Amino acid sequence: MESAFSSADLSAIWLTFKLAAVVTIILLLVGTPIAWWLARTRSWWKGPVGAVVALPIVLPPTVIGFYLLVAMGPSGPLGHLTQALGIGLLPFTFAGLVIASVFYSLPFVVQPLQNAFESIPERALETAATLRASASDTFFSVALPLAKPGLLTASVLGFAHTVGEFGVVLMIGGNIPDKTRVVSVQIYDHVEAMEYTAAHWLSAGMVVFAFVVLLALYTFNPTGKRK
Amino acid sequence: MIHARFNLSYPGFALHADLQVLAHGVTALFGPSGSGKTTLLRCIAGLERTANGLLQVKGEVWQDGANFLPVHRRPLGYVFQEASLFPHLSVRRNLEYGLKRIPPDQRRVQLEQVVEWLGLNKLVGRDSPAGLSGGERQRVAIARALLTSPRLLLMDEPLSALDAASKHEIMPYLERLHGELDIPVIYVSHALDEVARLADQLVLMEEGRVIASGALNEILGRLDLPTAHLDDAGAVIEASMAAHDEKYHLTRLDFSGGSLWVSKVERAIGSMVRARVLARDVSIATVAPQGSSISNILEARIAGIQDEGPDRVALRLTVGGKHIMLSRITRRSRDQLGLVPGMEVFAQVKSVALIA
């Protein structure tokens with residue numbers, strides 16, 4: 001029997017993990033300040049910003065993909081910017097895929113973080129201030145450590161959700177081997193070509209991956225056990 | 001001096017406080033719940049931001065119309081009602097949290113010293129504050145605040161969340177701090193017994209306003225203030241340990257108004273103690289009582305009388321010229337004895353509590 005995965009499959013798996021890893025790191029950097037702001041602000045803008053962040057949960061991925069494609073295209077604002085910067089156009093590139101995935105997975109990172117930040121008592125932050133910690137010092141020495149379970153949930157969900165996306169990838173990335181062809185697209189290709197055995201291997205792999213990740217999350221993350 | 005003036009209003013509550021107190025010893029902010037004590041303390045800490053507040057501590061402006069020193073720049077310690085230890089840090093790291101943020105040349109206390117003061121030797125090695133009792137947590141919180149070498153210590157009802165046993169456990173530490181530390185303390189409380197034990201100055205608050213402030217006994221002895229009419233109203237007397245009566249297991253306390261016998265206390269002769277005499281434990285005789293089981297009888301002069309409900313009156317007495325005591329008797333007794341201000345009487349003290 002041949003190896004379960006062809007070299008094209010392996011390349012898709014590698015690309016998927018690379019994409020998910022890069023996207024998760026960016027999302028933690030971008031999502032944490034957004035979540036902190038959403039958790040603590042009393043501004044009128046909290047509602048609208050929270051809704052925009054949550055949009056990808058309810059919108060079909062094709063809608064997000066479509067608008068991002070337009071925005072990144074030659075006559076879109078992002079497209080103008082990237083062309084002016086000499087980067088060229090982003091659709092059908094790995095970078096374009098990363099940007100699209102960041103938008104698409106944003107709520108899965110921001111919401112657990114926001115919940116974690118909201119559950120930190122105001123008193124803990126006030127205590128830190130009376131112990132001479134500035135606002136940023138308090139954030140790093142008290143808020144982030146107390147939000148650790150939320151950070152873990154956010155990272156896992158952001159990573160897993162990026163691994164699992166299909167629609168946005170197809171709209172923005174297309175299907176270019178080694179550049180934008182991730183596992184979900186590769187499975188689609190296999191099915192189109194009636195290669196059911198190959199599709200089975202990859203699909204089963206995805207199921208096992210998703211199960212193990214979520215099991216680990218629910219088993220080891222002490223969310224809710226904290227007082 | 002500490003001068004604080006804050007105006008603040010929320011729906012249903014307004015604070016209009018103007019306060020000048022001495023910047024040494026313990027100043028108690030006392031009043032019923034909702035009177036604005038905690039809000040005033042939070043304003044002093046900078047935790048509540050008011051538009052036109054004023055705060056001067058020993059001549060330094062921490063806040064006025066143009067300037068607002070943020071909380072983390074104010075050299076103060078704050079002990080909250082509940083200990084608020086950081087759950088993600090070990091006990092030692094909790095203690096070090098503020099200490100680490102103070103430049104070494106501004107540290108006036110060492111960790112070991114404070115650990116010793118608050119009896120934390122056995123707790124300082126704990127990995128987490130989770131297993132500590134309420135009293136232990138509060139002691140760690142007090143130590144943590146002291147380690148920032150504060151120039152003003154603010155305490156917001158630090159005992160009120162504790163059970164009676166924990167209160168009993170922590171009180172001696174608070175009294176020691178009072179004796180050994182040269183840091184002015186502002187202590188919020190709604191328990192008169194705590195105030196009587198700890199405070200040197202008393203600030204009374206009611207509905208967001210300061211209604212009186214001054215030396216502890218001066219305020220406690222004023223018949224026009226609500227403190228004189230609380231169930232556990234009473235006066236505080238600073239006295240010195242004079243002698244022991246080994247046979248009957250008693251100790252004599254001397255003050256300029258006379259002597260008081262109390263159950264024997266194991267303290268050095270000559271040391272100063274604080275005794276509390278509740279108004280309800282003081283009865284009045286117009287002639288020197290004979291054949292009484294009450295051994296503490298002081299010559300006193302009635303300085304004031306005020307009705308206190310339909311059946312009772314409160315008396316303000318001066319003992320030895322300057323000490324003030326309160327007495328609570330029935331209105332009938334007042335009339336039968338013909339008590340009027342200025343009269344020389346005998347105050348029979350049924351019970352004296354040594355409180356510090």
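Two strands count as paired when DSSP finds at least two bridges between them. Keep that in mind for the exercises below, which work through a predicted model.

**Exercise 1. Find the strand order of the open sheet in chain B, and say which strands stand at its edges.**

Step 1. Start with the order. Five strands of chain B line up as E15-E19-E16-E17-E18, forming an open sheet with antiparallel pairing.

Step 2. Now look at the ends. Strand E15 (282–285) and strand E18 (323–330) of chain B each have a single partner strand, so one side of each is left without a neighbour in the sheet.

Step 3. Check the twist. On average, neighbouring strands of this sheet are turned by 45 degrees against each other, direction ignored.

Step 4. Zoom in on one pair. Four bridges link E15(B) in the antiparallel sense to strand E19 (residues 344–349) of chain B. Within this region, Val282(B) sits opposite Val349(B) of E19(B).

**Exercise 2. Decide whether the residues on the two faces of E6(B) are buried or exposed, then find what E6(B) pairs with.**

Step 1. Recall a general pattern: side chains in a regular strand alternate between the two faces of the sheet.

Step 2. Apply the cut-off. A residue is buried if 20 or more other C-beta atoms lie within 10 Å of its own. Leu76(B) and Tyr78(B) on one side of E6(B) are buried, as are Gly77(B) and Val79(B) on the other, and both faces are covered.

Step 3. Look for the partner. E6(B) runs parallel to strand E7 (residues 152–156) of chain B, and four bridges join them. Val79(B), for one, has Met155(B) as its bridge partner in E7(B).

**Exercise 3. Describe the side of chain B that touches chain A.**

Step 1. Count the residues on both sides: 16 from chain B are in contact with 13 from chain A.

Step 2. Place them on the fold. Strand E6 (76–79) and helix H2 (91–99) of chain B supply at least two residues each to the side that touches chain A.

Step 3. Sort that side of chain B by class, and you get nine nonpolar, five polar and two charged residues.

Step 4. Turn to the partner. Chain A has 11 helices and zero strands, and its C-alpha trace spans about 65 × 45 × 30 Å along the principal axes. Of its 227 residues, 36% are buried.

**Exercise 4. Work out how the two domains of chain B meet, and which core draws on both.**

Step 1. Set the bounds: domain 1 of chain B covers 2–220 and domain 2 covers 234–354. Their centres, taken over C-alpha atoms, are 33 Å apart.

Step 2. Examine the contact, where each domain of chain B contributes four residues. On the domain 1 side, helix H7 (residues 216–220) of chain B gives the most, with three residues. That side divides into three nonpolar, one polar and no charged residues.

Step 3. Move to the largest nonpolar core, which has 143 residues; Ala28(B), Leu154(B), Leu202(B) and Met325(B) have the most contacts inside it. Helix H5 (residues 94–118) of chain A gives the most to this core, with 11 residues. Each domain of chain B supplies at least three residues.

Step 4. Finish with one hub residue. Setting aside neighbours within four places in sequence, the contacts of Leu202(B) include Ala28(B), Phe30(B), Val195(B) and Leu216(B).

Technical notes:
Residues are numbered from 1 along each chain as its sequence is written. Chains are lettered from A and ligands numbered from 1 in the order in which they are written. This is a predicted model: local features need pLDDT of at least 70, side-chain atom pairs count only at pLDDT 80 or more; totals for chains, interfaces and linings use all residues. Domain bounds come from an automatic or database domain assignment. Two residues are in contact if their C-beta atoms, placed from the backbone, lie within 7 Å. Ala, Val, Leu, Ile, Met, Phe, Trp, Tyr, Cys and Pro count as nonpolar, Asp, Glu, Lys and Arg as charged, and the others, Gly among them, as polar. Axes are lines fitted to C-alpha atoms, for helices over the stretch in contact, and angles run from 0 to 180 degrees between N-to-C directions. A residue is buried if 20 or more other C-beta atoms lie within 10 Å of its own, exposed if 12 or fewer, and partly exposed in between; C-beta atoms are placed from the backbone. A nonpolar core is a set of buried Ala, Val, Leu, Ile, Met, Phe, Trp, Tyr and Cys residues joined through C-beta atoms within 7 Å.
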